[in-house]
Amino acid sequence: MKNQLKRIVCLLLCLVMATSALMLSGCKKKNGEVLNLYTWAGMFPDEVIREFEKETGITVNYVNFDSDETMLQKLQAAGGGEYDLIIADDYIIEVAIAEGLVQKLDKSKIPSLGNVNPIYQGQFFDPTDEYTVPYGAGVQTIVYNPAKVDIEINGYEDLWNYDLEDRLGIIDNYRVMMGMSLKTFGFSYNTTDAEELMEAGAHLMELAPMIRLIKNDNLQDDLLSGEIDAAIMYTSQVTMAKMADPSLEVVFPEEGIGFGIMAMFVPSEAPNSEAAHKFIEFILQPERSAKCFEYLGYYCTNSAAEQYISEEYRSFLTLPAELKREDMEMIQNVDSVTDESHLKYWTAFKNFCD
């Protein structure tokens, strides 16, 4: 009797396992398509990712990198494969395209491409817009607390004022900060002139007494807490600072604006380029795109989405009308000798500030 009971139990277990296996197999066949998305953490609200999965049946495998350089190294190692869609910064995309690691977009699969703001198109990294779709942009911005800063700040050169001694915070980006110093002389961010670079490096050293903090992460918190009274910040940090304290003053430097663009691209050997195109089209839908930019905190690169950005965010997430394309310059890749000069002057500056 016991042996018969054991056989019945075993038979039932086998039936359950077999049924489960069939069910799992059926689910896999139905929902087995995957989009391998490779970018920084926090680029999309979870609800948008879930909505895409529900609408398309495609699972998003969201993989993060910590820097553009890390991304490029992995993409090179994979020979343009492994990932289906990547979002990265302009200068690194230029390198990836030059190395044949990016495929041309099939624009017939992205009918909403017309929603992209033309000011962010035709840029140095993709002049014919064949490979990329912009997703967020930022400018180097001065922000200060007018209740604590008595001087008038209109541009970069004003930050060299000793009234700001030990009160200024800046981001830890050598091309941006050397670029700021270059701009005070009217030089290009992308100059290769050794004398211009030396002049900018010497001028940057003169800013050292004003520096209290050099950091990339959450610099807005230090301005809000009163640790610093003025700062040069990334656009997303400015958005968070202004949302927390609307009285803060934002300055677009009169010497000229440096700006950068993040963009989506499909690697040359993407396992599922079809899913990548579907995701791009999905994100370009105006109301959904507005939701993404409110979450992201960078300038909205989708003209059709601007009307859907809530009033409390709109002034922070849309490029001010007074900023014209001719007033802005993008930081581009330079030759290795020039890049080493930038880094040399920046390192000397940081060491002097310590």
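How many of the eleven residues of α9 are buried? In this predicted model, the count is eight of the eleven, so helix α9 is largely enclosed by the rest of the structure. The buried positions are Ala 275, Ala 276, His 277, Phe 279, Ile 280, Glu 281, Phe 282 and Ile 283, a set that includes the charged residue type Glu as well as aromatic Phe. The elements against which these buried residues of α9 pack comprise the strands β1 (34-39), β3 (85-89), β4 (132-139) and β10 (257-265), together with the helices α2 and α10 (286-296).

Confidence in the prediction bears on how these features may be read. The mean pLDDT of the protein chain is 89, with 91% of its residues reaching 70 or more. Over residues 1-30, by contrast, the pLDDT is below 50, and this stretch has one contact in the model beyond near neighbours in sequence.

Aromatic pairing was examined next. With ring centres required to lie within 6.5 Å, the count comes to eleven aromatic pairs. One of these is formed by Phe 52 and Phe 282, whose rings meet edge-to-face with a centre-to-centre distance of 5.2 Å and an angle of 70° between the planes. Because Phe 52 belongs to helix α2 (residues 46-56) while Phe 282 belongs to helix α9 (residues 273-283), this pair ties together parts of the chain that are 230 residues apart in sequence. Both partners, Phe 52 and Phe 282, are buried. An edge-to-face arrangement is also found for Phe 124 and Phe 125, at 5.6 Å centre to centre and with 80° between the planes; Phe 124 and Phe 125 are likewise buried. Beyond individual pairs, a cluster linked by ring pairs takes in Phe 44, Phe 52, Tyr 135, Phe 279, Phe 282 and Phe 293. The ring of Phe 282 has a further partner in Arg 288, which lies over its face at 3.5 Å from the ring centre.

Strand β1, one of the elements packed against by the buried residues of α9, is itself mostly covered, five of its six residues being buried. Six bridges join β1 to strand β2 (residues 59-64), and the two strands run parallel; within this pairing, Tyr 38 has Val 63 of β2 as its bridge partner. The connection between the two strands is described by a right-handed β-α-β unit made of β1, α2 and β2. Strand β1 is also joined to β3, in this case by two bridges and again in parallel, with Leu 37 standing opposite Leu 85 of β3. Helix α2 thus appears both in the β-α-β unit and among the elements against which the buried residues of α9 pack.

Backbone geometry was considered at two aspartate positions. Most residues other than glycine have a negative phi. Asp 129, in the loop between α4 (90-98) and β4, has a phi near 55°, a positive value in a residue other than glycine. Asp 166, in the loop between β5 (141-144) and β6 (168-170), likewise has a positive phi, near 60°. The relative accessible area of Asp 166 is 37%, which places this residue in the partly exposed class.

Further positions illustrate how individual residues are placed within the model. Tyr 144, in strand β5, has a relative accessible area of 10% and is therefore classed as buried, the cut-off for this class being under 20%. When neighbours within four places in sequence are left aside, the contacts of Tyr 144 are with Val 149, Ile 153, Asp 229, Ala 230, Leu 248, Glu 249 and Val 251. The C-alpha atoms of Tyr 144 and Ile 228 are 8.7 Å apart in space, although the two residues are 84 residues apart in sequence. Thr 338, in helix α12 (residues 336-353), is also buried, at 3% relative accessibility, and with neighbours within four places in sequence again left aside, Thr 338 is in contact with Thr 191, Thr 192 and Leu 197. Asn 218, by contrast, counts as partly exposed at 40% relative accessibility and is found in the loop between β7 (211-214) and α7 (219-225). Between Asn 218 and Gly 297, which are 79 residues apart in sequence, the C-alpha to C-alpha distance is 13 Å.

Technical notes: Residues are numbered from 1 along each chain as its sequence is written. This is a predicted model: local features need pLDDT of at least 70, side-chain atom pairs count only at pLDDT 80 or more; totals for chains, interfaces and linings use all residues. Side-chain values use heavy atoms; hydrogens and water are left out. Rings of Phe, Tyr and Trp (its six-membered ring) pair if their centres lie within 6.5 Å; planes under 30 degrees apart count as stacked, over 60 as edge-to-face and the rest as tilted. Helices (H or I, at least four residues) and strands (E, at least two) are DSSP runs, numbered from the N terminus. Buried means under 20% relative accessible area, exposed over 50%, partly exposed in between (1.4 Å probe, protein chains only). A charge sits over a ring if NZ of Lys or CZ of Arg is within 6 Å of the ring centre and within 35 degrees of the ring normal. Contact means heavy atoms within 4.5 Å. pLDDT is the predictor's confidence in each residue, from 0 to 100. Two strands pair if DSSP finds at least two bridges between them. A crossover is right-handed if, with the strands pointing away from the viewer, the path from the first strand over the helix to the second runs clockwise.
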